Amino acid sequence: MRVTDRMTFEGAQTRTARSREALERSSTEIATGVRVDTPWSDPGAAGFILSQTGNLERLAATRKTTEQAVQELEATDTALAAMGDALSRARELATQLANPTYSATQRAAAAQEVRGLAQSMLAQANVKFNNRFLFGGDKDGSAPFDAAGNYLGDSNVRQIEIAPGIFQDVSIRADVALKGVGGGTDVISEVEALAAALETNDVAGVQGRLAGLEAGVSQLASARVQSGTIVNVLESVGAAAMATSTSLAAARSKIQDADLIDAGTRMALAQRSLEATLQSSSQSFKLTLLSYLR
Amino acid sequence: MADLFSLLGNASASLAAQRGLSQTASNNLQNVNTPGYSRQRAELAAVLPAERVGGAFMGQGAVLAGVTQARDRFLESQVPANLASAARYRAQADAVSALAAFNLEQPGGPAAALNGYFGAMRVLSQNPSDVGLRQAAVNSAQAVGIAFNSASQQINTARSAVDDRLKGDVETINQLAQRLADLNKEVREARADGASPNDLLDTRQRVQDQLVEMTGAVPVPAANGDVGLALGKGVSLVTGDQAARLSLLANPSNNGLLDVRITPSGGANARTVDASVLGGSTGGLLEARDGTLKTALDGLDTLAFDFASATNAAHQAGVALDGSSGADLFNAGISSAGAATRLSVNPAIAGDVKLLQASDSAGSLPGNNKALLNVLAVADAALSNGQTVMTGMSQLTSSFGANVASAQGLAEHHEALKAHVEGLRESTSGVSIDEEMVHLSRAQRAFEAVSKVIQITDQMLDTLMKLK
């Protein structure tokens, strides 16, 4: 084949440009650590990466949501535990003062303590977390119990989505747990009734409260179990989301991120190729008849 | 018998022939870097008829018979198609790969914004009465609008950039087409006396190559030596010394983008031509603008419209903290055309986040989140194309990437083919400095030798003159 000077120069130019492009590509890959940065770098991978990123973001949001719900349920549990303790103390006083040997004065003194317990239970029932009332159902913007112990909340239970189309309760029904709706015990009213019986030195009345207080303690314990069960579910969901995130992130990284060893090898090869191209071009430029004609 | 004076005359003519040889080599050397230049060869021939002297024919020296070009018509016929295809796909690839809207690492892109939006809504669903979380959710919804606006703006800018380039290209094509028509006429006139106007032919070839690259036209050689150019579907660009004219006209049904129109050389009515008629870089630009970029824009519009419609349907059924209901969360217009550009959050909700309709009942405010869960369900709902919004976004990105990758791949493929045939053409027609130096030296030697003939003949004449 006849080779002209233009072919020599343009060939050198093209080969050098190709070598430099390969060098630049591998060097950028190493510097950024990313293999697929544009949709056309690898169109199939680009769709997969976007899809995995969407899934990862969703899992992150699910984790955040479940963590918040767990915090709220833990606050609920703390409040229920405090109410349970108060109720247990009221039951203890009722058991003690149901004995006819106690005087009216002693019962009046106990009544004061029981009134205090009722007030503390009311305060716990109106507890707020993250600026919302925990025992109001959906009506969480205002106190669910008034001073007289009337329930102003509703019977709704909030749910969150923990997986596509799968929802999980993240609150308990306060009307059931505290007011005994559906056949249970109104725990605060029981304590208030005990206080009233003690104040009036009504021994039979005090004895009559024992069963209700016992049922209330069980009711609050059940509510705590329910709340704890939900926490367990949410923690499992969070842990599963974390595990899935790790595996999805690994799968995405495998597709999107640069294989540094491979990129390094390609960069070394491109460097060698560029050196060879420059060397051979330089040599071929020197070989001309002009150097010999005088 | 030939006398010494005729010997001097012959030598003088031969000197001129050698000078022609050296001048041609010199001309080749001076044009070694001229694009489209085909090396020329000086053809020497013995002077005819030879002189009859007795029983023998005595030669009368050498003469410059002509200067020809080293060209291979077969190779040259392979060049135009490759020139046009390489230019077409390169123009297409460059026009579409400038778009960064779908880049995976692009901050604030639609995919990232949608992920952020669904995440914020999910977090809000856990505590819908929290005004701070409401604000975050509404901000993320606004980010979705801005991301779609920005992506569609980028696509529209890329499409408009094609028009800007078309404006310059069409003017250049018109000038080149007219130049080719004029060159046909000049070549015809120059050939009238039988000589080959090599430099004019080179110029015409160069103009022809430029036009082929820009329009994808096919050269049509005529019997009289003219070169015509035909676009697709038999539309003529240049015929003999007549050239058609291209023009641009805004098309309202294509967002006011420019249609390319052609007015035939006879002055007939102008007609619109698309990428099936125009090839080369112009066709590639039209394909990029009305193909890949428009498909991406339409896809983005459809996605924005479907997403907004599905979200609004769920949101309308909800109740805001003030008890109001029935409001849209997003504004995207009444049709998908231009929806990505219009997508925005209802200004009333943007101004007061309490108007976000998260509850499904006015009686269970403010903590009810059931309407919000329905809004969130849009993430997994099949939209008009049967895909979810994120799957649609992924497919849109992949599809755009595949189109760009295909154009880039085809551009590289055709550029390699073009380089190959141009290399073959250069191998035949290109100038080699070494070769020309040899030709120059050869002419120099011959010139010296013929000069010596003159010197010796002169000495012989001198000898004769001194005879007593």
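The following dialogue examines a predicted model with chains A and B.

Trainee: How do you know how confident the predictor is in chain A and chain B?

Mentor: The score to read is pLDDT, which runs from 0 to 100. Chain A has a mean pLDDT of 93, and 100% of its residues reach 70 or more. Chain B averages 92, and 100% of its residues score at least 70. Among the elements of chain A, helix 1 (residues 5–32) has the lowest mean, 91, and helix 3 (residues 104–125) the highest, 96. The model as a whole scores ipTM 0.86 and pTM 0.85.

Trainee: What makes up chain A, in helices and strands?

Mentor: Chain A contains 7 helices and 4 strands. Along the sequence they follow the pattern α-α-α-β-β-β-β-α-α-α-α.

Trainee: Why is chain A called more spread out than a compact globule?

Mentor: The globule rule multiplies 2.2 Å by the number of residues to the power 0.38. For the 294 residues of chain A the rule gives 19 Å, whereas the radius of gyration is 38 Å; the value is well over the rule, so chain A is more spread out than a compact globule. The C-alpha atoms of chain A fill a box of roughly 140 × 30 × 25 Å along the principal axes.

Trainee: What does the globule rule give for chain B, and how does the radius of gyration stand against it?

Mentor: Chain B has 11 helices and 13 strands. Its radius of gyration is 37 Å, well over the 23 Å given by the rule for 468 residues, so chain B is also to be called more spread out than a compact globule. Its C-alpha atoms fill a box of roughly 145 × 45 × 30 Å.

Trainee: What makes a residue buried, and what percentage of chain B is buried?

Mentor: A residue is buried if 20 or more other C-beta atoms lie within 10 Å of its own. Buried residues make up 45% of the 468 residues in chain B. In chain A, 39% of the 294 residues count as buried.

Trainee: Which residues have the most contacts inside the largest nonpolar core?

Mentor: That core has 111 residues, and those with the most contacts inside it are B:Ala177, B:Leu180, B:Leu211, B:Leu300 and B:Ala304. Helix 4 (residues 131–190) of chain B gives the most to this core, with 19 residues. A second, separate core of 39 residues includes A:Ala125, A:Leu134, A:Tyr151 and A:Val217.

Trainee: How do you know that strand 10 and strand 11 of chain B pair?

Mentor: At least two bridges are required for pairing. Strand 10 (residues 257–263) and strand 11 of chain B share 3 bridges in the antiparallel sense, so the requirement of at least two is met. One bridge joins B:Arg261 to its partner B:Thr272 in strand 11.

Trainee: What makes strand 9 and strand 11 of chain B edge strands?

Mentor: The open sheet has 3 strands in the order 9-10-11, with antiparallel pairing. Strand 9 (245–251) and strand 11 (271–273) each pair on one side only, and they are the edge strands. Helix 4 of chain B lies across strand 9 and strand 10, running at about 155° to strand 9.

Trainee: Which helix gives the largest share of the side of chain B that touches chain A?

Mentor: The contact takes 47 residues from chain B and 50 residues from chain A. Helix 10 of chain B provides the largest share of the chain B side, 16 residues.

Notes:
Residues are numbered from 1 along each chain as its sequence is written. Chains are lettered from A and ligands numbered from 1 in the order in which they are written. This is a predicted model: local features need pLDDT of at least 70, side-chain atom pairs count only at pLDDT 80 or more; totals for chains, interfaces and linings use all residues. A nonpolar core is a set of buried Ala, Val, Leu, Ile, Met, Phe, Trp, Tyr and Cys residues joined through C-beta atoms within 7 Å. A residue is buried if 20 or more other C-beta atoms lie within 10 Å of its own, exposed if 12 or fewer, and partly exposed in between; C-beta atoms are placed from the backbone. Helices (H or I, at least four residues) and strands (E, at least two) are DSSP runs, numbered from the N terminus. Two residues are in contact if their C-beta atoms, placed from the backbone, lie within 7 Å. Axes are lines fitted to C-alpha atoms, for helices over the stretch in contact, and angles run from 0 to 180 degrees between N-to-C directions.
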